[in-house]
Amino acid sequence: MEKENKKPAPPQMSPYVFTILLIGFGLWCSWDGWLTTDPDMVEHATFNKVLSAVLIPWGVYDFFKIRKRQKNKKQSED
């Protein structure tokens with residue numbers, strides 16, 4: 001019998017990486033748009049406010065979408 005030389009699969013990336021980046025960047029934009037006292041950032045405040053209003057809900061939506069997909073995948077495997 002021949003031994004098969006199978007290489008182990010590479011580590012899998014978490015499906016939540018994109019979600020974490022969306023929420024993290026959204027929180028950073030929120031801080032920069034609403035809470036910072038840096039006078040140099042005043043010209044970018046509107047951009048940061050709008051971007052935080054888009055990224056944070058997108059990240060929350062993506063979190064629940066991925067969680068539902070993983071739950072469905074787990075149920076189909078059982």
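Buried residues make up just 18% of the 78 residues in this chain. Keep in mind that you're looking at a predicted model. The chain has 2 helices and 0 strands, and its radius of gyration comes out at 20 Å, whereas a compact globule of 78 residues would sit near 12 Å.

**The chain as a whole**

- Picture a box drawn along the principal axes: the C-alpha atoms fill roughly 75 × 30 × 15 Å.
- Take the contacts with a separation of 6 or more, and 65% of them turn out to join residues 24 or more positions apart.
- About 7,000 Å² of the chain is exposed, and carbon and sulfur atoms supply 63% of that area.
- On the charge side, there are 11 positive and 9 negative side chains. The centres of those two sets are 12 Å apart.

**Helix H2**

- H2 runs over residues 45-77, which gives it 33 residues.
- From its first C-alpha to its last, H2 reaches 47 Å, close to the 48 Å you'd expect at 1.5 Å a residue.
- Which residues of H2 are buried? They are Ala 45, Asn 48, Ser 52, Leu 55, Gly 59, Asp 62 and Ile 66.
- Part of what covers those buried residues is helix H1, residues 17-35.

**Two spots on H2: Ser 52 and Lys 49**

- Ser 52 belongs to helix H2. Is Ser 52 buried or exposed? Ser 52 counts as buried because its relative accessible area is 6%, and the cut-off for buried is under 20%.
- Leave out residues up to four places away in sequence, and Ser 52 touches Gly 26, Cys 29, Ser 30, Trp 34 and Pro 57.
- Lys 49 is in helix H2 too. With a relative accessible area of 29%, Lys 49 is partly exposed, so it falls between the under 20% of buried and the over 50% of exposed.
- Which residues does Lys 49 contact, once neighbours within four places in sequence are set aside? The answer is Gly 33 and Trp 34.
- Trp 34, then, shows up in the contact list of Ser 52 and in that of Lys 49.
- Lys 49 and Cys 29 are 20 residues apart along the chain, and their C-alpha atoms are separated by 6.6 Å.

**Helix H1: Leu 21 and Leu 35**

- Leu 21 sits in helix H1. Leu 21 is exposed because its relative accessible area is 55%, and exposed means over 50%.
- How far apart are the C-alpha atoms of Leu 21 and Ile 66? They're separated by 14 Å, with the two positions 45 residues apart along the chain. Ile 66 is one of the buried residues of H2.
- Leu 35 is also found in helix H1. At 54% relative accessibility, Leu 35 counts as exposed.
- Leu 35 and Pro 15 are 20 residues apart along the chain, and 31 Å separates their C-alpha atoms.
- Put two pairs side by side: Lys 49 and Cys 29 are 20 residues apart with 6.6 Å between C-alpha atoms, while Leu 35 and Pro 15 are 20 residues apart with 31 Å.

**Before H1: Pro 8**

- Where is Pro 8? You'll find Pro 8 in the segment before H1.
- Pro 8 is exposed because its relative accessible area is 71%, and the cut-off for exposed is over 50%.
- Pro 8 and Ile 23 are 15 residues apart along the chain, and their C-alpha atoms are separated by 33 Å.

Key
Residues are numbered from 1 along each chain as its sequence is written. This is a predicted model: local features need pLDDT of at least 70, side-chain atom pairs count only at pLDDT 80 or more; totals for chains, interfaces and linings use all residues. Side-chain values use heavy atoms; hydrogens and water are left out. Helices (H or I, at least four residues) and strands (E, at least two) are DSSP runs, numbered from the N terminus. The expected span of a helix is 1.5 Å times one less than its number of residues. Buried means under 20% relative accessible area, exposed over 50%, partly exposed in between (1.4 Å probe, protein chains only). Contact means heavy atoms within 4.5 Å. The radius of gyration is taken over C-alpha atoms; the globule rule is 2.2 Å times the number of residues to the power 0.38. Accessible areas come from the Shrake-Rupley method with a 1.4 Å probe; for residues, only the protein chains shown count as cover. Lys and Arg count as positive and Asp and Glu as negative; His and the chain ends are not counted. The place of a charge is taken as NZ of Lys, CZ of Arg, CG of Asp or CD of Glu.
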